[in-house]
Amino acid sequence: MLDLTQDVRALTAAIVDIESVSGAERRLAHEVQRALSALPHLKVDRSGETVVARTEAGRPERVLIAGHLDTVPIAANLPSRVEGDLLYGCGTSDMKAGVAVALKLAAAVPSSGRDITYVFYDCEEVEAERNGLNRVARDHPDWLAADFAVLMEPTDGVIEGGCQGTLRAEVTVTGKRAHSARSWLGSNAIHGIEPVLSRLNAYEARRPVVDGLQFHEGLNAVGVRGGVAGNVIPDRCVVTVNYRFAPDLSIEGAQEHVREVFDGFEVAFVDAAPAARPGLTHPVAAAFTEAVGGTPRAKLGWTDVARFSALGVPAVNYGPGDPNLAHQQGEYVSLPKIVESERAMLDWLST
């Protein structure tokens, strides 16, 4: 059983050493449930491999602290090891250090001026339909009700507000098939993507300021698909583009922008996830910012804060891990950063 009385650094190592690749979180979820169920001030529920624990003191505000239990596949980087002030191992940065901080808070704060919900969920690192938050939002939306949420994604100890949205689109260029020995009788669709690439090369990404934070968009080709055979002029070529858009745009607005960029070409959208506004103007968020300190920045990527935003819950990203180290074989987390994160969160919850 996880010992929530031990130092947060030792607890992080213990959690890291429980392998929990996406889809195989059961053992860790069981250990988290057992540890939280031993705390009399919490009501504990479970959905699949997602564990939700809540105080129910009838406070006027409720905050939610969430972290995912899963990691990317192991890459010869378990068990964990300590070198100086660094803890190495799969999931140390993304995001078992954040999970350890949240568990320590659950044990250390039996009473606060706010009610608190803790969510430890599965399958964040894989396709959205398997995501534990997605499942809980569908089956038990009341478990996620809150006035403000902190998602303990790795941010290197800096508040990152909101998140960018993302969509993928396929831009299709058509031509006419012909034998490659008589290419002039056809029209090469692969050659025809040059205008698509030219528009991408000339594209100037927006850098809008949303709720005081500056986002930096990106529109890029991420794949090219074409060709029939080694002796055939191809009649079809598809360029897949990825648009990372700021939270001042809806999915529909982002799609319209992509259509404008590729006007004259066939554009089909294959997937999309909405952006989330920073939410730092909420009074509870302001108190959190004051407790954590530093200058908040925009989250240049997509995270599950978008799910909370869709539920009407303003949310921010904040965790001790370094996002630049996530998913690397040599992934590590700074031990002092974990301690600092625990202290900042305790200060916030005690205000």
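How many bridges join β3 to β6, and do the two strands run parallel or antiparallel? Seven bridges join them, and the strands run parallel. That pair belongs to a predicted model, so treat what follows as a tour of a prediction. The chain has nine helices and 19 strands, and here are some of the parts worth finding on your screen.

**The whole chain**
- The chain has 351 residues, and 51% of them count as buried.
- Along its principal axes, the C-alpha trace spans about 80 × 45 × 40 Å.
- Take the contacts with a separation of 6 or more: 78% of them are between residues 24 or more positions apart.
- UniProt, in an unreviewed entry, places the feature "domain: Peptidase M20 dimerisation" at residues 165-262.
- Over residues 165-262, the chain is 20% helix and 38% strand, and the C-alpha atoms at the two ends are 19 Å apart.

**Strand β6 and its partners**
- Seven of the seven residues of β6 are buried, so the rest of the structure largely encloses this strand.
- D115, T117, V119 and Y121 point one way from β6, while I116, Y118 and F120 point the other way.
- Back to the opening pair: I65 of β3 stands opposite Y118 in β6.
- β6 also pairs with β2, this time in the antiparallel sense and over four bridges.
- Look for V51 here, whose bridge partner in β6 is F120.

**Helix α2**
- Helix α2 covers residues 26-37, which makes twelve residues.
- At 1.5 Å a residue, α2 should span 16 Å, and its end C-alpha atoms are indeed 16 Å apart, so the two values agree.
- The buried residues of α2 are L28, A29, E31, V32, A35 and L36.
- Those residues cover an arc of only 160° around the axis, which means they sit on the same side of α2.
- On the other side of α2, R26 and R27 are exposed.
- What covers the buried residues? The list includes α1 (8-16), β1 (43-47), β2 (50-54), α3 (92-108) and β6 (115-121).

**A three-stranded sheet**
- Another spot to look at is an open sheet of three strands, in the order β4-β5-β19 with antiparallel pairing.
- Its edge strands are β4 (81-83) and β19 (332-334), each of which pairs on one side only.
- From one strand to the next, the twist averages 25°.
- β5 (residues 86-88) and β19 are joined by three bridges and run antiparallel.
- Within that pairing, L87 has V333 in β19 as its bridge partner.
- Helix α3 lies across β5 and β19, running at about 50° to β19.
- Helix α9 (residues 335-350) packs on the sheet too, touching β4, β5 and β19, and its direction makes about 60° with that of β19.

**A loop residue: T71**
- Where is T71 found? It's in the loop between β3 (62-68) and β4.
- Is T71 buried or exposed? Its relative accessibility is 2%, and buried means under 20%, so T71 counts as buried.
- Leaving out residues up to four places away in sequence, T71 touches S20, V21, S22, C90, G91, K96 and E125.

Methods:
Residues numbered from 1 in each chain as written. Predicted model: local features only at pLDDT ≥ 70, side-chain atom pairs only at ≥ 80, totals over all residues. Heavy atoms only, no water. UniProt positions renumbered as here; feature names shortened; annotations may be inferred. Expected span 1.5 Å × (residues − 1). Buried < 20%, exposed > 50% of the residue type's maximum accessible area, 1.4 Å probe, protein only. Arc of directions from axis to C-beta. Contact = heavy atoms within 4.5 Å. Pairing = 2+ DSSP bridges. Axes fitted to C-alpha atoms, helices over the stretch in contact; angles between N-to-C directions.
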